[in-house]
Amino acid sequence: MPHAAQDRWMRPYRPGPWRVATAALALMLASYLLLAALIMALAGGVSGAAGVLVVGLVVIAGTLRLLRVGVWLSGKGVRQVGYFGTVTVPWGRVTSVRTAQQPVKVLGLPRTVQGQALVVSRRGGQPLRTLVTDHNADFLGRIEAFDIAADAIESWAAQLR
């Protein structure tokens with residue numbers, strides 16, 4: 001059964017190429033910042049080096065958070081991890097998980113197009129914010145991967161609700 005490891009949160013899909021490429025570029029920028037901090041510290045500019053070091057560490061922390069964004073599942077419930085916040089809903093409060101045709105954002109930018117989104121409705125509350133769409137950083141250009149991930153999440157919900 002897919003929910004055999006009930007104590008472990010797992011993502012039912014891999015991060016997409018857009019998310020990985022963005023993270024790789026951000027980590028490359030962080031490496032340059034850390035190298036610049038080292039050079040500044042060796043040259044005697046300790047206060048400037050400390051500032052650049054802090055900026056580099058913030059870029060690394062932001063990149064790690066970017067890689068965690070998405071839907072995570074366990075036997076306990078469904079967790080939607082956003083860049084600035086996380087919402088966890090126990091399976092008992094999930095009323096439906098379905099895909100819907102609706103306007104979706106392209107790579108999280110303000111521009112919207114018609115696409116598919118995974119909608120999670122919860123009992124006694126509003127639907128969760130849509131994080132999984134066929135135009136987000138995980139599935140842009142990978143429609144089959146979106147269908148597989150949506151089916152996996154829907155099957156978890158059907159078995160554990």
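**Exercise 1. Contacts of Ala150**

Determine which residues Ala150 touches in this predicted model, leaving out residues up to four places away in sequence, and describe the setting of Ala150.

*Solution.* Begin with the contact list: once residues up to four places away in sequence are set aside, Ala150 touches Thr99 and Leu118. Next, place the residue in the secondary structure, where Ala150 belongs to helix 3. Then turn to accessibility: the relative accessible area of Ala150 is 2%, and since the cut-off for a buried residue is under 20%, Ala150 counts as buried. Finally, compare sequence and space, for Ala150 and Pro12 are 138 residues apart along the chain, while their C-alpha atoms are separated by 8.8 Å.

**Exercise 2. The salt bridge**

State how many salt bridges the structure holds, and work out which parts of the chain the pair links.

*Solution.* The count comes to one salt bridge. Its partners are Arg19 and Asp138, whose closest N and O atoms are 2.8 Å apart, a distance that satisfies the cut-off of within 4 Å. The two residues come from distant parts of the chain, 119 residues apart, with Arg19 in helix 1 and Asp138 in the loop between strand 5 (112-122) and helix 3 (143-160). For the accessibility of each partner, Arg19 has a relative accessible area of 7% and is buried, and Asp138, at 1% relative accessibility, is buried as well.

**Exercise 3. A buried arginine without a salt bridge**

Explain why Arg11 has no salt bridge, given the distance to the nearest side chain of opposite charge, and identify what surrounds Arg11.

*Solution.* First locate the residue: Arg11 lies in the segment that precedes helix 1 (17-43). Arg11 is buried, and the nearest side chain of opposite charge is that of Asp138, 4.4 Å away. Because a salt bridge requires the nitrogen and the carboxyl oxygen to be within 4 Å, this separation does not qualify. The side chain of Arg11 does have a polar atom 2.7 Å from the backbone oxygen of Leu67. To complete the picture, list the contacts beyond four places in sequence, which are Leu67, Arg68, Val69, Val71, Trp72 and Asp138.

**Exercise 4. The three-stranded sheet**

Establish in what order the three strands of the open sheet are arranged, and then follow the pairing from strand to strand.

*Solution.* The order is 1-2-3, with antiparallel pairing. Strand 1 (70-73) and strand 3 (86-90) occupy the edges, and each has a single partner strand, so one side of each remains without a neighbour in the sheet. From one strand to the next, the twist averages 20°.

Now take the pairing of strand 1 with strand 2 (residues 77-81), which is antiparallel and runs over four bridges. Within this pairing, Gly70 has Val81 as its bridge partner, and Trp72 stands opposite Arg79. The connection between strand 1 and strand 2 is a hairpin through three residues.

Continue with strand 2 and strand 3, which run antiparallel and are joined by five bridges. Here Gly77 is partnered by Pro90, while Val81 is partnered by Thr86. A hairpin through four residues connects strand 2 to strand 3. As a last step, consider burial: four of the five residues of strand 2 are buried, so strand 2 is largely enclosed by the rest of the structure.

**Exercise 5. Asn136 in its loop**

Decide whether Asn136 is buried or exposed, and find which backbone atom lies 3.1 Å from a polar atom of the Asn136 side chain.

*Solution.* Asn136 is located in the loop between strand 5 and helix 3. With a relative accessible area of 8%, Asn136 is buried. The backbone atom in question is the nitrogen of Phe139, which lies 3.1 Å from a polar atom of the Asn136 side chain. When neighbours within four places in sequence are left aside, the contacts of Asn136 are Leu107 and Leu131.

Note on methods: Residues numbered from 1 in each chain as written. Predicted model: local features only at pLDDT ≥ 70, side-chain atom pairs only at ≥ 80, totals over all residues. Heavy atoms only, no water. Buried < 20%, exposed > 50% of the residue type's maximum accessible area, 1.4 Å probe, protein only. Lys, Arg positive; Asp, Glu negative; His and termini not counted. Polar contact = N/O pair within 3.5 Å; in protein donor to acceptor, adjacent residues only side chain to side chain. Contact = heavy atoms within 4.5 Å. Pairing = 2+ DSSP bridges. Axes fitted to C-alpha atoms, helices over the stretch in contact; angles between N-to-C directions.
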